[in-house]
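Here is a brief report on the structure shown next. It covers the arrangement of the copies, the annotated positions and a few buried residues.

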Number of protein chains: 2
Amino acid sequence: MENKNYSQPSSLKAPLSGGGGAIYKYSELSVSDISRLIQRNVDPANEIRTLVEDIIENVKQHGDNALADYAEKFDKVSLDKLYLDKTELQEIAAAVSADQQAALQVAYDNIYKFHQSQLKTEDKVETMPGVSCWRELRPIEKVGLYIPGGTAVLPSTFLMLGIPAKIAGCKEVVVCSPPQKNGKVNAFIAYVALMLGIDKVYLAGGAQAVAAMAYGTESIAKVDKIFGPGNQFVTKSKTIIQSTTTTAIDMPAGPSEVLVIADDTANPVFIAADLLAQAEHGIDSQSILVCTSQQIAEATQAEVDRQLPTLPRAEIARQALDQSYMVVTGNLEEAMAFSNQYAPEHLILATQHWQQISGSIINAGSVFLGNLTPESAGDYASGTNHTLPTSSYARAYSGVSVDSFVKKITFQHLTHEGIQNIGPSVEILAEMEGLHAHRNAVSVRLSPPAP
Amino acid sequence: MENKNYSQPSSLKAPLSGGGGAIYKYSELSVSDISRLIQRNVDPANEIRTLVEDIIENVKQHGDNALADYAEKFDKVSLDKLYLDKTELQEIAAAVSADQQAALQVAYDNIYKFHQSQLKTEDKVETMPGVSCWRELRPIEKVGLYIPGGTAVLPSTFLMLGIPAKIAGCKEVVVCSPPQKNGKVNAFIAYVALMLGIDKVYLAGGAQAVAAMAYGTESIAKVDKIFGPGNQFVTKSKTIIQSTTTTAIDMPAGPSEVLVIADDTANPVFIAADLLAQAEHGIDSQSILVCTSQQIAEATQAEVDRQLPTLPRAEIARQALDQSYMVVTGNLEEAMAFSNQYAPEHLILATQHWQQISGSIINAGSVFLGNLTPESAGDYASGTNHTLPTSSYARAYSGVSVDSFVKKITFQHLTHEGIQNIGPSVEILAEMEGLHAHRNAVSVRLSPPAP
């Protein structure tokens, strides 16, 4: 089946919307075509490495003074002090309307309920008589949350990081968010801080905020793990911190993306709305449709063209769609095979038959099942976390959860019977590796010398 | 209480054994003394970065040919082919004695049993009527295991990585181990491969093996995550791969370490054996004793001096002990406070009163409870994993477990009732963040247009 809408695989950058519309036929794609289609720019920010390294070094050396200088330079604000306290947060948060408060409460409650279910104690296992092993959860003591500000104010991200930190029981939660030009944070950020019981928000953004939380300054505590999305400076700073200090990070981050799998039971109006919701995030977002029906793909394209001009962020979405594409497959299994290779951050199964294929999902961050489950629900309020692996990191990484805020420490206890049962095997194994002191640590316990 | 054995905190490098014996009194240590005592060299290998980057680039460009060249250069062996197949592994494994086989089987069974218990399905949570959220485990599809060879042959590490990979259900398990001068691997490695059902072991070591698994070569598959300890070249290669590709790594790695907390119910013979078992690993290992009893600390020192000369690896252990020290505290709570700041890879509670303090452990990799539980048991055969966070990474990282070989993917499903319940809140939240297309993805589902 030939169709004028099919671009040749060699012109992978043809636009999804605007009349062109890159639609590929799965059966005609070569292995190398697919590997080009699933490619993302993993490290677009490598050219800013030196700049970010300088910022980190400066914060390490000069602490709060460096942060104040960067606020002046980057955020165009002269700060009297580097944080907002509870009273100030309350004043700012007063601007949040009752409707908005109620919506935030719905999100809070659902996110709390789902994440609470992730906190589980584990059973002891007696691997041999007298040999007991188990794991106990311990909260990471000090965590840092980076909450973006400026043009992209994301109170939802604050909930997604703050709630699991609270459930995990982290003792110290440091929050950094860039100051607005008035030296404050957005009202929603202030309101969420208070919802979470956080009494202080540090006015620091960008690479410098990450550096401050990794090294500590006069006012900001050094933390054990840093969470949160941000622009390319934030991301680069997190990557450098991870590889040069003992401070951990939640995960590497790239532009957001969605892959929608659809068949002829899908609604093109819904799919188009989902593709556009992803595309409005930023010009580097990707919105991919993998569809068993040429007709649905074309109808979706028409719907995208119809809905796009109505959006305030139409220009951003249009540019993102220029980097996106559609693939038409012979069946849902082929569609899933493509999706597993792409390893999307968000995967929407826009089909009544989602139960037929959800078991074959191998790589994805978060999955939205059926025609009535928009990604927006999970972005905000259904309960799942929206901090997810992008850029094919879903092959090896999971999204943020309570797990991300705890360590699982292994414990073991041997009784007298236990050391007798396991000791002789350990002696042989230590000998095999040529580690005689390892053997001896068992031997002295098997036949302790007279006191 | 003064004692001639107390070094001044300014001379923190005084040796534990050999007559000198750095014993510090906790109450006399300043905050800065403690922060110097708990300091480890996080990145001793940074000077080899360029060298390792060159190796990675060479493997990326020249694949198998580069690996053969490095085998010739570093392992002093000319390889006909880059792997051992099942028949070859069987021939090599024939050298393992019946006793050794039985000991490996004990280890295998215990490790399997404990790790099997970590694989759990999770319940669905209905956060609101009609809104269901849950997580499903999926194995990481392709994993790479690096098993050190040469002077440090570690069949135990192979079990510790291979068993959870098998339990998780990883589809492809690539194993690399450096060739011996005869072009083979050690008999124990071959035997464990066969126990694990692994039919192929690739003859590649060092930074080049890590690069091969990250980028793939003609014969070695590109993997999603790389596991395993190694020398500084392996470690540096893993760190670079983590920050420059989408391939994940198990964790950063540094020299191994143990911290023993003891009181007057401890046995100095056992403690000394445990400290020496750690010290024989390498000259950069650390063996720390934190003890409530000056008398036990001194008796342990005497025992270390007595046991040390009997060890084949005495010289290595002696050098490691030169970097180690003892701290005498007023009580077990102070000892635990010091340990939590140190965040040891291995923590031994050498006291009958371990139940009194184990609940206050915050930072540790794996914990050994009571006087009859040597670290050796967990190193080999009790069931817990021995791939653990070193260098204070235990503040934020857990040891390897089945969790390390799976992703937890979030799923959600909304019914008609669900979207009606949650939709209006999502619309408000999307509006708050200025994301109208996000709002629209809900709105079209709340009131779909006439078909």
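## Symmetry and layout

S243(A) comes closest to the rotation axis of all residues of chain A, its C-alpha lying at 3.6 Å. The model is predicted. A turn of 180° with a shift of 0.0 Å along the axis lays chain A on chain B, at an RMSD of 0.0 Å. That is the relation of a two-fold axis. Both copies use the same surface: 98% of the contact residues of chain A recur in chain B.

Chain A is divided into three parts by the domain assignment. Domain 1 takes in 23–41 + 255–383, domain 2 takes in 47–121 + 139–253, and domain 3 takes in 415–446. The centres of domain 1 and domain 3 of chain A, taken over C-alpha atoms, are separated by 56 Å.

## The wider set of annotated positions

An unreviewed UniProt entry lists S256(A), Q278(A), H281(A), H346(A), D379(A), E433(A) and H438(A) under "binding site". These positions span 183 residues in sequence, and their farthest two C-alpha atoms are 55.7 Å apart, so they do not all gather at one spot.

Take S256(A). Its place is the loop between β9 (248–249) and β10 (257–262) of chain A. S256(A) counts as buried, at 16% relative accessibility, because the limit for buried is under 20%. Beyond its neighbours within four places in sequence, S256(A) is in contact with Q278(A), H281(A), S285(A), Q286(A), E345(A), H346(A) and T390(A). Among these partners, Q278(A), H281(A) and H346(A) are also on the UniProt list.

Which residues does E433(A) contact, leaving aside its neighbours within four places in sequence? The partners are V153(B), L154(B), P155(B), S156(B) and Y380(B). E433(A) itself lies in the loop between α15 (416–432) and α16 (436–446) of chain A. It is buried, with a relative accessible area of 11%.

## A residue beside S256(A)

S285(A) is one of the contacts of S256(A). It is found in the loop between α9 (268–279) and β11 (286–291) of chain A. S285(A) is buried, at a relative accessible area of 2%. Its side chain reaches the backbone oxygen of Q278(A) at 3.5 Å. Outside its neighbours within four places in sequence, S285(A) is in contact with P255(A), S256(A), Q278(A), A279(A), A320(A) and S324(A).

## The clustered set

UniProt, again in an unreviewed entry, lists Y146(A), Q208(A) and N231(A) for "binding site". They are spread over 86 residues of sequence, yet they cluster in space, with a largest C-alpha distance of 12.3 Å.

Y146(A) is found in strand β5 (residues 142–146) of chain A. It counts as buried, at 4% relative accessibility. N231(A) sits in the loop between β8 (225–227) and α8 (232–244) of chain A. N231(A) is partly exposed, with a relative accessible area of 45%.

Polar side-chain contacts to the backbone recur among the residues discussed here.

| Side chain | Backbone atom | Distance |
|---|---|---|
| Y146(A) | nitrogen of G206(A) | 2.8 Å |
| N231(A) | nitrogen of F233(A) | 3.0 Å |
| K407(A) | oxygen of P139(A) | 3.4 Å |
| S285(A) | oxygen of Q278(A) | 3.5 Å |

## K407(A), between two chains

Is K407(A) buried or exposed? At 0% relative accessibility, K407(A) counts as buried. It is found in strand β15 (residues 406–414) of chain A. Leaving aside its neighbours within four places in sequence, K407(A) is in contact with residues of both chains. In chain A these are E136(A), L137(A), R138(A), P139(A) and I140(A). In chain B they are I362(B), N363(B), A394(B), R395(B), A396(B), Y397(B) and S398(B). K407(A) and E433(A) are 26 residues apart along the chain, and their C-alpha atoms are separated by 30 Å.

## Cysteines

How many disulfides does the structure hold? Over all chains, the structure holds zero. C176(A) is in no disulfide; its nearest cysteine sulfur, that of C170(A), is 15 Å away. C176(A) counts as buried, at 0% relative accessibility. C291(A) is buried too, with a relative accessible area of 0%.

Notes: Residues are numbered from 1 along each chain as its sequence is written. Chains are lettered from A and ligands numbered from 1 in the order in which they are written. This is a predicted model: local features need pLDDT of at least 70, side-chain atom pairs count only at pLDDT 80 or more; totals for chains, interfaces and linings use all residues. Side-chain values use heavy atoms; hydrogens and water are left out. Helices (H or I, at least four residues) and strands (E, at least two) are DSSP runs, numbered from the N terminus. Buried means under 20% relative accessible area, exposed over 50%, partly exposed in between (1.4 Å probe, protein chains only). Contact means heavy atoms within 4.5 Å. A polar contact is a pair of N or O atoms within 3.5 Å; within protein, one must be able to donate a hydrogen and the other to accept it, and residues adjacent in sequence count only if both atoms are side-chain atoms. Copies are superposed by least squares on the C-alpha atoms of residues with pLDDT of at least 70 in both. Domain bounds come from an automatic or database domain assignment. UniProt positions are given in the numbering used here, feature names are shortened, and annotations may be inferred rather than shown by experiment. A disulfide is a pair of cysteine sulfur atoms within 2.5 Å.
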